[in-house]
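Here's a quick walk through one structure, going from its sheet to its core and then to a few individual residues. Have the viewer open while you read.

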Amino acid sequence: MSRQLLSRAFRAACAAVLLAAGPAAAGAACGGADLAVTAANPAPAPDGGSTELHPVVANTGDAATTEPFTLSVHLPPGVIGSGTSATGSCRTLPFGHTVACDFPAGLAPGATATADVRISIASGMEPGVLEGTAEADLPGDPTPADNSAAFEITVL
């Protein structure tokens, strides 16, 4: 069995055993990289207009990421997105409702990675609040509960 696979298996087993003590305890005791996502609500946008979302992934663990990871922004119907990042590469998936940004391995403890997602509101949208999510995917993350964050898009 490869060393990387053993390391992932160890972290997963460690996190499972310590999860009863709470996610923070599991991440601290098991070590390794641990991603946490935040996504503040973007500025309100008018019908047919646009706004920007800036989701952030922080490595709250005690080691750098050893594998690439993906930050995905899932948008509700009626809006489409496109993204960029200074440290990753972003692409819009078919139908425009998901923007996925890939980041290389090596995000240091305490460091962050950010995506800039432009959200375009379809013409004819009723005023209201739409919900979306931003989530990070890192294999072997010891506390996946903090890997996603909800956000709201206010249509004026």
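Two strands count as paired if DSSP finds at least two bridges between them. With that in hand, look at β5 and β9 in this predicted model: they pair in the antiparallel sense over six bridges. One position you can click on is Ser-82, whose bridge partner in β9 is Arg-118.

That pairing belongs to an open sheet of three strands, ordered β2-β9-β5, with antiparallel pairing. β2 (50-53) and β5 (79-84) are the edge strands, each pairing on one side only. From one strand to the next, the twist averages 25°. As a reminder, strands of a sheet pair through backbone hydrogen bonds, either parallel or antiparallel.

Now for the core. The largest nonpolar core has 30 residues, and the ones touching the most other members are Phe-69, Ile-119, Ile-121 and Ile-153. At least two core residues come from each of β1, β4, β7, β9 (116-121), β10 (128-137) and β11 (148-155). β11 gives the largest share, four residues. Ile-119 is a good one to zoom in on: beyond its neighbours within four places in sequence, its contacts include Pro-42, Leu-53, Leu-75, Val-79, Ile-80 and Ile-153.

Next, three loop residues, side by side:

| Residue | Loop | Relative accessibility |
|---|---|---|
| Asp-34 | between α2 (23-30) and β1 (35-38) | 7%, buried |
| Thr-60 | between β3 (56-59) and β4 (69-74) | 48%, partly exposed |
| Phe-95 | between β6 (89-92) and β7 (98-103) | 75%, exposed |

Why does Asp-34 count as buried? Its relative accessibility is 7%, and the cut-off for buried is under 20%. The side chain of Asp-34 makes a polar contact of 2.6 Å with the side chain of Thr-143. Leaving aside neighbours within four places in sequence, Asp-34 is also in contact with residues including Ala-58, Asn-59, Thr-60, Asp-141 and Asp-146.

Thr-60 is partly exposed because its 48% falls between the 20% and 50% limits. With neighbours within four places in sequence set aside, Thr-60 contacts Asp-34, Ala-36 and Asp-146. Thr-60 and Leu-35 are 25 residues apart in sequence, yet their C-alpha atoms sit 6.0 Å apart in space.

Which sign does phi take at Phe-95? Positive, at about 75°, although Phe-95 is not a glycine. For context, most residues other than glycine have a negative phi. Phe-95 counts as exposed because its relative accessible area of 75% is over 50%.

Note on methods: Residues numbered from 1 in each chain as written. Predicted model: local features only at pLDDT ≥ 70, side-chain atom pairs only at ≥ 80, totals over all residues. Heavy atoms only, no water. Buried < 20%, exposed > 50% of the residue type's maximum accessible area, 1.4 Å probe, protein only. Contact = heavy atoms within 4.5 Å. Polar contact = N/O pair within 3.5 Å; in protein donor to acceptor, adjacent residues only side chain to side chain. Core = buried A, V, L, I, M, F, W, Y, C linked by side-chain atoms within 4.5 Å. Axes fitted to C-alpha atoms, helices over the stretch in contact; angles between N-to-C directions.
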